[in-house]
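Trainee: I have a model open and no idea where to start. Can you walk me through it?

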Amino acid sequence: MASWNNLLKDMANYKPVFLTIYAAVVVGVVVSSFYVFSAVYSSSSSSSSSSSSSLWFSPAQNQVSNCSHLTVVNVSLGSASQTQSKSMMPIWEVPPSGSKMPPLKTFKLTKELVQQRVKDNVVVVTFGNYAFMDFILTWVKHLTDLGVDNLLVELNCDAGAMDTKMVEALYWKGVPVFDMGGHMSTIDVGWGSKAFHKMGRQKVILIDAILPMGFEILMCDTDVVWLKNPLPYLARFPEADILTSTDQVVPTVVEDSLDNWQQVGAAYNIGIFHWRPSNSAKQLAREWKELLLADANLWDQNGFNDLVRRQLGPSVDEESGLAYAYDGNLKLGLLPASIFCSGHTYFVQAMYQQLRLEPYAVHTTFQYAGTEGKRHRLREAMVFYDPPDYYNASESYAGGFLTFKPSIPKSLLLDGEHNLESHFDLVNYQIKQIRTALAVASLLNRTLVMPPLWCRLDRLWFGHPGILPGSMTKQPFICPLDHVFEVKTMLNELPEDEFGPPIRIREYSLFANPSMPKKVKESWLDVNLCQEGSRGCEVSNSTSQAGVLKFPKRSSEETYKTVFSSFKDVKVIQFSSMQDAFTGFADKSREDKFRKRVKAYTGLWCCVENHTPGHILYDIYWDEKPNWKPKPPQTPEEDHPPALTPLTGTY
């Protein structure tokens, strides 16, 4: 088995952009369930033989289609009676030294190609292009760690040409890959765009191509992370023609049975669904494909929901949880949202934890920062694979890390009702500390490890009473960073001449991640803020015997530079607090640019019920505005991020 670290080093060469699409539409309340229509359509290096295995493909024969690239993975059931292709090669195994890459036509989709990866007649599929390489490699790594070794990756094309960079990168890493010639863009696309709709059609075309081969397909988006082998669960329902995930946010069961189809009011989410090659399933795939090809603007998930719900019910039997759907013959099962998790049931509700269940997968839906937001959420959960430099504070990230212990009064966190005022009081108190930390990180050229954020209210796309009725959201809760901050803006580059030097950030769980090197955590300096003039509180670069540095509150830029110039080689500097830690930059131009940068960092909360607009903008300088109150914009002029204002007081 080749080194996974080498593969991660290859990933450092990428500037990946992940296909991120999400949408949510809520249409009233049905029983205790919401119609929450949201979906995320998600979707290494050079061709040197790095740390990977090679899958050997036979020359293409009986070519099925000419429409897109795809990844297929089959998961082991752990049974002695498994059937598996004898020609299947291990994933991540490096091709023999001196070998050459097969001709590109070798990677065209054929029954023979899929057969090489099939195990127990099941194949697991995802798709993407070179821009999404880090998500694809994370997806494959989780599956192979779970014993899933028969997989294929469908590649998306550009301008009619195969994404050869992607083919080569995956081939030399031993990741099985194929091409359906879909002419897809190699960059990120926006929800609702022409490229977005075209991507959805390729998924349908692929299903329609593979089902007649007689194979079962577990298809999922590349922003799905597998946490447990799903195939044993799917095998519990052998009569099901289709098992699909949903956007359900209210539990209908409390164990690991299928969700109650009669109580699920949310959309069926096609980010995870399993198809068996029954006549009804093949007929649905054909009709779905024809429906989408006839309407260039129809979203693939909406088309699927419309067809499947054409007839819904009755139950197949009293035990399985399956229902008749579509044509009255198709047997449909709804995967439980508690363990086949959406971005809401996993990151916000932590439903699986509360029900003491083991999650099978998390799909990064219900989030607010595009590709970057998906990646950051997975990093917060410590399930995303990054190159070693991400953790090393190496030369690529000069200056090391900066972190601090957030201070939150118990009254702000727990006392009183959970309402707009108490939520914004809590969040604003944290925002002010983070604002100071961003300034200190910028000054010391360090990467800021963000603290965990506490919220009292959920964030959605529509008006709600604070949390979704019937959901298991606990108040308060640690909310994802994208609930409050514009993660995409924070992680993307802004012009330095306008916004000053970049400020790098990391997720709050960074030091708990098993990938964090021990040597980084051992190079640690604790900084205790103290009141200037008090005993032992003086400007000094010497630490106590316990390795703690006492540092005066309200220190100037000059003081910071003088003291911390002696600790440039320390990997991690942790402040005891960020309250009154810094008086501001000495240079007015840099100060103004910093303020403009961080003003763009905060996002919005959504939404007040029965009010248009219903969102409320966070303001990172809320404390400079007398009598600031959380309320929706009153005029179009107010409905924009806070404008640049002069500095008053300390950070």
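Mentor: We can take a pocket, then a sheet, then some backbone details. Keep in mind that this is a predicted model.

Trainee: Pocket, then. What volume does the second largest pocket have?

Mentor: About 430 Å³. Its lining has 19 residues, and the closest to the centre are Tyr346, Phe347, Ala350, Ile478 and Tyr508.

Trainee: Where does it lie with respect to domain 1 and domain 2?

Mentor: Between them, because domain 1 (104-355) and domain 2 (367-638) both give residues to the lining.

Trainee: And which helices and strands supply at least two residues each?

Mentor: Helices α9 (343-347), α10 (351-354) and α11 (370-380) do, and so does strand β19 (477-479).

Trainee: How many of the lining residues are nonpolar, polar or charged?

Mentor: The lining of the second largest pocket has 13 nonpolar residues, 3 polar ones and 3 charged ones.

Trainee: OK, the sheet. In what order do the 6 strands of the open sheet come?

Mentor: Going across, the order is β20-β17-β16-β23-β21-β22, with parallel pairing. The edge strands are β20 (505-506) and β22 (548-552), each of which pairs on one side only.

Trainee: β20 looks short on my screen. How many bridges join it to β17?

Mentor: There are 2 bridges between β17 (residues 447-449) and β20, and the two strands run parallel. In that pair, Leu448 is opposite Ile505 of β20.

Trainee: Which strands of the sheet does helix α18 touch?

Mentor: Helix α18 (residues 557-564) packs on the sheet and touches β21 (524-530), β22 and β23 (572-575). The direction of α18 makes about 160° with that of β22.

Trainee: Switching to the backbone. Is the peptide bond from Gly313 to Pro314 cis or trans?

Mentor: That bond is cis, with omega near 5°. Pro314 sits in strand β11 (residues 312-315).

Trainee: And which residues does the cis bond with omega about -5° join?

Mentor: Thr612 and Pro613. Pro613 is in the loop between β24 (604-605) and β25 (616-617).

Trainee: Why point these out?

Mentor: Because most peptide bonds are trans.

Trainee: Last one. Is phi of Asn121 positive or negative?

Mentor: Positive, near 70°, and Asn121 is a residue other than glycine. Most residues other than glycine have a negative phi. Look for Asn121 in the loop between α2 (111-115) and β4 (122-128).

Notes. Residues are numbered from 1 along each chain as its sequence is written. This is a predicted model: local features need pLDDT of at least 70, side-chain atom pairs count only at pLDDT 80 or more; totals for chains, interfaces and linings use all residues. Side-chain values use heavy atoms; hydrogens and water are left out. On a 1 Å grid over the protein atoms alone, a cavity is a set of points where a 1.4 Å probe fits but cannot get out, and a pocket is an open set with protein on both sides within 12 Å along at least five of seven lines; lining residues have an atom within 4 Å of a point. Grid points are joined across faces, edges and corners, and a volume is the space filled by probe spheres set on the points. Helices (H or I, at least four residues) and strands (E, at least two) are DSSP runs, numbered from the N terminus. Ala, Val, Leu, Ile, Met, Phe, Trp, Tyr, Cys and Pro count as nonpolar, Asp, Glu, Lys and Arg as charged, and the others, Gly among them, as polar. Domain bounds come from an automatic or database domain assignment. Two strands pair if DSSP finds at least two bridges between them. Contact means heavy atoms within 4.5 Å. Axes are lines fitted to C-alpha atoms, for helices over the stretch in contact, and angles run from 0 to 180 degrees between N-to-C directions.
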